[in-house]
Amino acid sequence: MRQRQFNLSQTEIPTQWYNVCADLKNPMPPLSPATGKPCKPEELAEVFPEAVIEQEMSTERWIDIPDEVRSKLAMWRPAPLCRATFLEQALGTPAKIYYKYEGASPVGSHKVNTAVAQAYYNHKEGTKRIATETGAGQWGSAISMACAAYGIDCTVYMVRCSYKQKPYRRSLVHLYGAEIYPSPSDRTEFGRKILEKDPACEGSLGMAIGEAMEDTLAHKDVKYALGSVLNHVVLHQTVIGLEAKKQLELAGDYPDVVIACVGGGSNFGGIAMPFMADKFAGKNIRFTAVEPAVCPTITEGEYKYDFGDTAKLTPMMKMYSLGSDFVPPPDYAGGLRYHGMSPIISELVNENMIDAVALKSIDVFAAAEMFARTEGIVPAPESAHAICEAINEAKRAKEEGKEETILFCLSGHGFIDLGAYDSYFAMTGRGEKA
Ligand SMILES: *Cc1c(COP(=O)(O)O)cnc(C)c1O
């Protein structure tokens, strides 16, 4: 029997995060919307705890993971690394396909890796409530769980179309004790303004971030938390790649290509950056970021300074962007519908260190179906983008007769997204639309 799982023990959970900002050639600082000059730490102090701001701006290569955070991570980490032997067989490819499975966390995605770290620093610095936004609801459930773990209140603004499409993610947020509102909501001035103009507005992540920021700035003991895009989030997610590296060592392997889907870039950054460190040192390794064709931030966006939200309250970040007013069409890849991109990932794309592809959802769901039928796991539609590109890569390897090693991040499971699968069946003439 071929070995499928490469397991680490709890003591091997990383003790430090890898900060790629130490190794970037040309890091672009965020600019203050007030002055147009690089943000000062004081300007962010209303929004984030000090420790988080320090990490956001840090150029230290390695940053210690507090023991309290490691002990929370140990609720689900180390995460499994599996070799997709049955998928390989079905494809008849000479390529070896490995996936790092982040869907085994309590909330079913990688997002809780940063949620527990952010909740910890907020707790330590006396934050009473965290206000945040969520797209498909993955981040909302992750930060709610983390807030519950540290006894902090939590308010979640959820993009309205997802609020309607994904009622069970709402239930999860309630179960963890947080409050959740469809965005745009009537709880903020910004939300009320949008609703006045367009009462049926379906919302966007950019709008929901604007509402959460306004809530934060209007209350003294409230802080804001973001589940993607920012440097500290990518930093916290590097536990994914650091573990995967050790696990591939156990397998006696090293990837030729690392693949992950990108919404704001955090699971991609998490799995890829520890390997990027090797590329900086001269290693021959490729990286592919996969985005949905309906929100092609990297492949069709512009690399420029832009706001992170529609309300234009956030600092301006140098990133690939479709414009902060961009409202992506409703799509099942909810967690990938963001107009911007992590400045770290953007800078590395600009340096030609990362390739990007945009895939159509029909192909992505077909890949998810093949994966479920061979490997058994039901992937989140977001994660299925990475699967689809891994399959494309393995097919190319077959055509070229190459014994390639592919590593991809399976960022979450799709148990709460079965409605999206029903729609896919309907779209392909099988079964009724849910
Ligand atoms: C949120 C989410 C994504 C996209 O966010 P990134 O910051 O780009 O990783 C991808 N997969 C899952 C399962 C998610 O919940």
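Asn352 is exposed in this predicted model, with a relative accessible area of 65%. That value lies over the 50% cut-off, so the residue counts as exposed. Asn352 sits in the loop between helix H15 (343-350) and strand E13 (355-359). Its phi is near 65°, a positive value in a residue other than glycine. Most residues other than glycine have a negative phi.

Val229 also has a positive phi, near 70°, and is likewise a residue other than glycine. Val229 belongs to the loop between strand E8 (222-224) and helix H11 (231-237). Its relative accessibility is 4%, so Val229 counts as buried.

Two cis peptide bonds can be described next. Most peptide bonds are trans. One cis bond joins Arg77 and Pro78, with omega at about -5°. Pro78 is placed in the loop between helix H3 (67-73) and strand E3 (81-83). Another cis bond runs from Ser183 to Pro184, and its omega is near 5°. Pro184 falls in the loop between strand E7 (179-183) and helix H9 (189-197).

The ligand has 19 residues around it. Lys111, Ser228, Gly263, Ser266 and Ser411 come nearest. Ser228 places a polar side-chain atom 2.5 Å from an oxygen atom of the ligand. A polar backbone atom of Gly263 is 2.6 Å from a ligand oxygen atom. For Gly264, a backbone N or O atom lies 3.1 Å from an oxygen atom of the ligand. On its own, the ligand has 380 Å² of accessible area, and the protein covers 98% of this. The space that the ligand takes is the largest cavity. Helices H13 (266-280) and H17 (381-400) each supply at least two residues of the shell around the ligand.

H17 has 20 residues, which should span 28 Å at 1.5 Å a residue. The C-alpha atoms at its ends are 29 Å apart, so the span agrees with the expected value. Of the 20 residues, 14 are buried, so H17 is largely enclosed by the rest of the structure. Gly401 follows H17 and has a positive phi, near 60°.

Helix H5 covers residues 112-124, 13 residues in total. From its first C-alpha to its last, H5 reaches 18 Å, close to the 18 Å expected at 1.5 Å a residue. H5 is mostly covered, with 11 of its 13 residues buried. Among them are Val112, Asn113, Tyr120 and Tyr121. Alanines are also on the buried list, including Ala115, Ala117 and Ala119. Gly126 follows H5, with a positive phi near 85°.

Tyr421 is found in helix H18 (residues 418-427). Its relative accessibility is 8%, so Tyr421 counts as buried. Tyr421 and Ala368 are 53 residues apart along the chain, and their C-alpha atoms are separated by 9.3 Å.

Asp253 lies in a loop, between helix H12 (239-251) and strand E9 (257-261). Asp253 is buried, because its relative accessible area of 15% is under the 20% cut-off. The side chain of Asp253 makes a polar contact of 3.1 Å with the side chain of Lys96.

Conventions
Residues are numbered from 1 along each chain as its sequence is written. This is a predicted model: local features need pLDDT of at least 70, side-chain atom pairs count only at pLDDT 80 or more; totals for chains, interfaces and linings use all residues. Side-chain values use heavy atoms; hydrogens and water are left out. Helices (H or I, at least four residues) and strands (E, at least two) are DSSP runs, numbered from the N terminus. The expected span of a helix is 1.5 Å times one less than its number of residues. Buried means under 20% relative accessible area, exposed over 50%, partly exposed in between (1.4 Å probe, protein chains only). A residue is near a molecule or strand if one of its heavy atoms lies within 4 Å of it. A polar contact is a pair of N or O atoms within 3.5 Å; within protein, one must be able to donate a hydrogen and the other to accept it, and residues adjacent in sequence count only if both atoms are side-chain atoms. Accessible areas come from the Shrake-Rupley method with a 1.4 Å probe; for residues, only the protein chains shown count as cover. On a 1 Å grid over the protein atoms alone, a cavity is a set of points where a 1.4 Å probe fits but cannot get out, and a pocket is an open set with protein on both sides within 12 Å along at least five of seven lines; lining residues have an atom within 4 Å of a point. A molecule sits in a cavity or pocket if more than half of its atoms lie within 2 Å of its grid points.
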